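Q: How should I read the contacts in a model of this kind? Please take me through it.

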Amino acid sequence: MNGAELVLKVLQQQGVDTIFGYPGGAIMPIYDAIYQSPVKHYLCRHEQGGAFSAIGYARSSGKVGVCLATSGPGATNLITSLADAMLDSVPLVAITGQVSQAVMGTDAFQEIDVLGLSLSVTKHSFMVRSADELAATLNQAFAIARSGRPGPVLVDIPKDVQLAVAGKLDVAAEPQSRALNTSLAQSAQARQLIANAKKPMAYIGGGVHMAGAMPQLQDFLAQCQMPSVTTLKGMGSVAKDNPNYLGMLGMHGTQAANLAVQQCDLLICLGARFDDRVTGNLKKFAPNAKVIHVDIDPAEINKVRFAEVSFLGDMRQILPAIASTTDCSDWLAHCSSLKQQHGWRYDHPGERIYAPLMLKQLSERMPDNSVVCCDVGQHQMWVAQHMRFSHPRNHLSSGGLGTMGFGLPAAIGAKLARPQDTVIAVSGDGSFMMNVQELGTIKRFRLPVKIVIIDNQRLGMVKQWQQLFFNERYSETDLSDNPDFVALAAAFAIPGHSVTRKDEVESALEAMFTWPGPYLLHVRIDEKDNVWPLVPPGAANEDMIMETN
Amino acid sequence: MNHTLNITANNEASVVERLLQVTRYRGYQLAGLELTPMAEKAGLSITLTVSSDKPIHLLTSQLHKLYDVRDLQLASADIAALRA
């Protein structure tokens, strides 16, 4: 057995049966080993697409995603995806081929210092210098990727290591891991803060479901009887029938969520990180609130907002330990009235398709447990506002990095992770073109991914900011020369349909869901439609701008 | 204000780069760096001095979670100043 074959054996030992990648010179021995391996490799059409598919696979399943690339340009094409996984805490192992050690450091063909490039976008990066180190290093990479706050790990393997005799595969050595003890020392203090609060609020991020603490969260909210809001990554964490859930907070959050958070006197931050898109002007964010912060990453505590009480460790233990009954019926009634008063309106005039209404229709029509993968921009915020999810694993959106081009390849990964579930990629006309080559992957593997392109022939979110904050100087945001998306899909043997009027939407959705294979629905909307509400940069979250036209 | 950190790290090729990358990215200026390899494969002893107006815990918490960092202590003078 050589090093390359050992890599595949270790992947199997780790329970990996699906990997994504693109071959090239320095990783050819591993691709030669793939040829006869039971590990199924999915050939993407660009390394970034392959890595986003691995991220979609990981986020929709909770498993570690694995992607491969060759040295040089293959490796550099992974960088954006690694950064995406880093900022959204996605467990990912990226394996790159490297030139042989004999020529490393000589600017050899397709040689780049990917380990150096990766330092700021990975949780850790390894260079394997000997076949003897391969198994232990790969096992350690998986352990790092999934432990604590998950994240991406790069393993760079020179070609000579892949070709070297590797001997037999030993039973996986127990990887080193840094024990994180859950301390409940401050739980009495937390319970007292909760019991004494008049206006408590739970602020829920992606960390709750990643900790496997969804059941404990529902119990906590039921026992404490407090309202809740979620971040983009936390959406789906709160049971759909919870009457005290106010929606997403932040720049494009619901009015009820933002107003209530601004008014609360105790903010319980669960697996979230006070991101600037959440807080708006940090100094004015929840100005009267004391904070209880629960996270698994010590570096998030007191990073941007001081917490009166904080907990590190396993959310499943912490939530029951801090739950306390509250007496805040007036506050619940107030939050409920905010929700009623500021509900979404879908009575949009005219015949043209109104994206929020169309997405609401899509949300109501899609099968239970469907996975929706977004790109980035206006459509992403409309999805967050107008679609409902039963689990955060059903809503894959590039949150921290905000990477256009994420949605289509992420949907490929999600469909492979959960073939029994419907997977829908909702994209914009700008984002879709960023990884459009992955239509080739859908075609090759006949993946029944449903694609909805919301097309305003603009880079809509940038254009919205130009309209609001740059004196309507629409610099480089006109995409009115877009391709014919339905014809483009047809070139990949994917059927599709284009709609422009509201009264066409229901039947178009029906046709899309009825069709057994991949399908592209092109939805043309008015470029004047913008995302509301919006918290302007530098403003407090209560100072939302509402629709101006 | 200067802060001195005493770090024990795995003696891996990229460990110093990673420490310096995090230090720069998080907004701290390098004011001093000493490296001493410990006994055979026991690791690296690193004394890192940084300056910044930011609280030092924002850097130590980021450095401490790096895989190759085994131990990190603020120099005693820093601890005394923080307690003052």
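A: This is a predicted model. Start with two domains of one chain. In chain A, 11 residues of domain 2 are in contact with 13 residues of domain 3. By class, the domain 2 side of that contact has three nonpolar, six polar and two charged residues.

Q: Where do the domains of chain A begin and end?
A: Domain 1 covers 3-163, domain 2 covers 187-341 and domain 3 covers 355-524. The C-alpha centres of domain 2 and domain 3 of chain A lie 30 Å apart.

Q: How do I read an interface between chains?
A: Its size is often given as the accessible area lost when the parts come together. Here we count residues instead. Chain B has 11 residues in contact with 11 residues of chain A. On the chain B side, helix H1 (15-25) and helix H2 (57-64) each supply at least two residues. That side has three nonpolar, five polar and three charged residues.

Q: Which residues of H2(B) are buried?
A: They are Leu59(B), Thr60(B), Gln62(B) and Leu63(B).

Q: Why do the buried residues of H2(B) line one face of the helix?
A: General idea first. An α-helix has 3.6 residues a turn, so residues three or four places apart point the same way. Now this case. Seen down the axis of H2(B), the buried residues fall within an arc of 165 degrees, so they line one face of the helix.

Q: What covers the buried residues of H2(B)?
A: The cover includes H1 and three strands of chain B: E1 (2-9), E3 (44-51) and E4 (69-74). H1 thus appears twice in this account: with H2, it also supplies residues to the side of chain B that touches chain A.

Note on methods
Residues numbered from 1 in each chain as written. Chains lettered and ligands numbered in written order. Predicted model: local features only at pLDDT ≥ 70, side-chain atom pairs only at ≥ 80, totals over all residues. Contact = placed C-beta atoms within 7 Å. Helix = DSSP H or I, 4+ residues; strand = E, 2+ residues; numbered from the N terminus. Nonpolar A, V, L, I, M, F, W, Y, C, P; charged D, E, K, R; others polar. Domains from an automatic or database assignment. Buried ≥ 20, exposed ≤ 12 C-beta atoms within 10 Å, placed from the backbone. Arc of directions from axis to C-beta.
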